Structures are given as C-alpha cells and as structure tokens.
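Welcome, and thanks for taking a look at this chain with us. Please have the sequence and the 3D view open side by side as you read.

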Amino acid sequence: MSMWLYQLNQKNHPPSLFRYEIWENQRWHWEYGQKRAGKSPEAGDTVVFFYSARAASGTKSDPGIYAWAVVERCDTDSY
C-alpha cells in the first residue's frame, strides 16, 4: 500500500466548498491534474488532500491538510 498527496486547487475547489461537499462515509471522485509517480494509485492506498500555502491569484490562502481517504478504486483511463 502507498500514500499519495493530492494538492487541491483553491481556485477550482475552494476550501469552503470542499468542507461542504466532503462528509464522512461519502464517496468522492476527483480527476488527476499531474501525477508525479511512476505507478498509479491502487485500492487500499491512502490519499491525503491538502492546500498549499501559496494560493492562486485572487483567492484567499487557507493552507493545510483537509482530509484523508482510502482508495476504493482507481480508473486509470480517466487520466
């Protein structure tokens, strides 16, 4: 099993919206922007979602770790 870091884009996924949409026991789907690994996530891997300290232009910076999840499946055709 592996651990993956997923940097959220504050412009496309504002922290307030992320907090509203993500609840315990809810499934969530996300798309890949850039994958910087030689392999792909697999079922059972852990993903940590975070915002960086540097916000996109015109957005308020709200950095930190926001959630973690266990991968149930990874559709490699989607990236």
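Here is a short briefing, grouped by topic.

Please keep in mind that this is a predicted model. The protein chain has one helix and three strands, and along the sequence they follow the pattern β-α-β-β. Of its 79 residues, 24% count as buried.

**Overall layout**

- The named elements are strand E1 (3–7), strand E2 (46–51) and strand E3 (64–70), together with helix H1 (15–21).
- Among contacts with a separation of 6 or more, 65% are between residues 24 or more positions apart.
- One example of distant positions brought into the same view is Cys 74 and Ala 43: they are 31 residues apart along the chain, with 6.9 Å between their C-alpha atoms.

**The largest nonpolar core**

- Which residues make up the largest nonpolar core? There are nine in all: Trp 4, Tyr 6, Leu 8, Val 47, Phe 49, Tyr 51, Tyr 66, Ala 67 and Val 71.
- Strands E1, E2 and E3 are the elements that give two or more residues to this core.
- E2 gives the most, with three residues.
- As a general point, nonpolar side chains in soluble globular proteins tend to be buried together.

**Aromatic pairs and Tyr 51**

- The structure holds two aromatic pairs.
- In the pair formed by Tyr 51 and Tyr 66, the ring centres are 4.6 Å apart and the planes stand at 85 degrees, so this pair is edge-to-face.
- Tyr 51 sits in strand E2 and Tyr 66 in strand E3, so the pair links distant parts of the chain, 15 residues apart.
- Is Tyr 51 buried or exposed? Tyr 51 has a relative accessible area of 2%, and because the cut-off for buried is under 20%, this residue is buried.

**Asp 45, a buried charge**

- Asp 45 lies in the loop between helix H1 and E2.
- Asp 45 is buried yet has no salt bridge. Lys 39 is the nearest side chain of opposite charge, at 5.3 Å; a salt bridge needs the atoms within 4 Å, so this pair does not qualify.
- What does the side chain of Asp 45 reach? It reaches the backbone nitrogen of Ser 2 at 2.9 Å.
- Leaving aside neighbours within four places in sequence, Asp 45 is in contact with Met 1, Ser 2, Trp 4, Ser 40, Ala 69, Val 70 and Val 71. Two of these residues, Trp 4 and Val 71, also belong to the largest nonpolar core.

**Leu 5, an exposed strand residue**

- Leu 5 is placed in strand E1.
- With a relative accessible area of 63%, Leu 5 is exposed, because the cut-off for exposed is over 50%.
- Beyond its neighbours within four places in sequence, Leu 5 is in contact with Val 48 and Phe 50.
- The C-alpha atoms of Leu 5 and Lys 35 are separated by 10.0 Å, and these residues are 30 residues apart along the chain.

**Ser 52 and its surroundings**

- Ser 52 is found in the loop between E2 and E3.
- Where does Gln 7 come in? The side chains of Ser 52 and Gln 7 are joined by a polar contact of 3.2 Å.
- Setting aside neighbours within four places in sequence, Ser 52 is in contact with Gln 7, Gln 10, Ser 61 and Pro 63.
- Ser 52 and Ile 65 are 13 residues apart in sequence, and their C-alpha atoms are 8.8 Å apart in space.

**Cys 74, after the last strand**

- Cys 74 lies in the segment after E3.
- Cys 74 has 23% relative accessibility, so this residue counts as partly exposed.

Methods
Residues numbered from 1 in each chain as written. Predicted model: local features only at pLDDT ≥ 70, side-chain atom pairs only at ≥ 80, totals over all residues. Heavy atoms only, no water. Core = buried A, V, L, I, M, F, W, Y, C linked by side-chain atoms within 4.5 Å. Buried < 20%, exposed > 50% of the residue type's maximum accessible area, 1.4 Å probe, protein only. Helix = DSSP H or I, 4+ residues; strand = E, 2+ residues; numbered from the N terminus. Lys, Arg positive; Asp, Glu negative; His and termini not counted. Polar contact = N/O pair within 3.5 Å; in protein donor to acceptor, adjacent residues only side chain to side chain. Contact = heavy atoms within 4.5 Å. Phe/Tyr/Trp six-rings, centres within 6.5 Å; stacked < 30°, edge-to-face > 60°.
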